[in-house]
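Me: Got a fold to go through with you, strand by strand. Can we take it as a quick back-and-forth?

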Amino acid sequence: MREKNRALRRSAALVAAAAAGALGVGLTAVPAAAHTPTWSVTCEQVDIKLTNYGNHTENTVTVTVDGKDLLPTETFANDFERVLELPDHDKEVTVRLVVVAQDGEQFSRDETKTAPVCEEPTPSPSKPTPTPSESSPAPSATPSATPSATPSETPGTEAPTPAPSPSEPGLAETGSSSSTPLIAGAAAVVVAAGVGIMWASRRRRSTQG
């Protein structure tokens, strides 16, 4: 009985020791899995996300660009999130992230990444401005003068005879008009006067003789 009890005690001690070892390993692994540092770098900015660093600790984070502070040392508890704009640069720059965890050096970070140069957008080809020679001619203010054919210039058409002005003498009339009786009467008077004069002169001569 005593030997059996001793064997049981030894087995229980071994089991307890194994359990304690497993528990210690588990406690050690939990903080390592809890700390989650994540950060990324583009040509324009730095995106930082630090989670599960403990609510009652004072952790610190620092970001530099080519040795110059982009984020001076700042303390945080448990979580830290920040997006930092990079300064303009015409060549690649080195971004360094330093995280100091208060619960152990094994959880701290000191990492560097390279920020590339932002490519300038390719300008879209603009349409060339047409020169005056290439553009269509603007319509002239006055319509193009089309020579209007006058009656004398139109082929096959005789020009109309201009009407005589009132000052021009009229053409000789060939027929009788309303003044013909007057003219005939005047002529008869003249003839009668001539006959009377001739008769009177003859009479004087015969009297004198």
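Reply: Sure, and keep in mind that this is a predicted model. A good place to start is E2 and strand E5 (residues 80-85), which pair over six bridges in the antiparallel sense.

Me: Which residue in E5 is the bridge partner of Ile48?

Reply: E2 and E5 run antiparallel and share six bridges. Within that pairing, Ile48 has its bridge partner in E5, and that partner is Arg82.

Me: How do the side chains along E2 split, and which ones are buried?

Reply: They alternate between two faces along the strand. Gln45, Asp47, Lys49 and Thr51 point to one face and are not buried. On the other face sit the buried ones: Val46, Ile48 and Leu50.

Me: What joins E1 to E2, and through how many residues?

Reply: Strand E1 (residues 36-41) pairs with strand E2 (residues 45-51) over six bridges, in the antiparallel sense. Two of the facing pairs are Pro37 with Leu50 and Ser40 with Asp47. The link from E1 to E2 is a hairpin, and it goes through three residues.

Me: Which cysteines form a disulfide?

Reply: Searching the whole structure turns up one disulfide. Its sulfur atoms are 2.0 Å apart, inside the 2.5 Å cut-off. The two partners are Cys43 and Cys118.

Me: How far apart in sequence are the parts that this pair ties together?

Reply: Cys43 lies in the loop between E1 and E2. Cys118 is in the loop between E7 and helix H2 (180-208), so the pair ties together parts whose separation in sequence is 75 residues.

Me: Is the disulfide of Cys43 and Cys118 right-handed or left-handed?

Reply: The thing to look at is the torsion about the S-S bond. For Cys43 and Cys118 it is about 100°, so the disulfide is right-handed.

Me: Is Cys43 buried, partly exposed or exposed?

Reply: Buried would need a value under 20%, and exposed one over 50%. Cys118 has 29% relative accessibility and counts as partly exposed. Cys43 has a relative accessible area of 22%, so this residue too falls in between: partly exposed.

Me: What is the order of the strands in the open sheet of four?

Reply: The pairing in this sheet is antiparallel. Strand E4 (68-76) and strand E7 (109-115) each have a single partner strand, so they stand at the edges, with one side of each left without a neighbour in the sheet. On average, neighbouring strands are turned by 10° against each other, direction ignored. The order is E4-E3-E6-E7.

Me: Which residue in E7 stands opposite Val93?

Reply: Val93 belongs to strand E6 (residues 93-100), which runs antiparallel to E7. Seven bridges join these two strands. The residue opposite Val93 is Ala115.

Me: Zooming out, in what sequence do the elements run from the N terminus on?

Reply: The protein chain has two helices and seven strands. From the N terminus on, the elements run α-β-β-β-β-β-β-β-α.

Me: And what percentage of the accessible surface belongs to carbon and sulfur atoms?

Reply: Of the 209 residues in the protein chain, buried ones make up 14%. The accessible surface of the chain comes to about 17000 Å². The share of that surface belonging to carbon and sulfur atoms is 58%.

Methods:
Residues numbered from 1 in each chain as written. Predicted model: local features only at pLDDT ≥ 70, side-chain atom pairs only at ≥ 80, totals over all residues. Heavy atoms only, no water. Pairing = 2+ DSSP bridges. Axes fitted to C-alpha atoms, helices over the stretch in contact; angles between N-to-C directions. Buried < 20%, exposed > 50% of the residue type's maximum accessible area, 1.4 Å probe, protein only. Areas by Shrake-Rupley, 256 points an atom, 1.4 Å probe, with all protein chains shown as cover.
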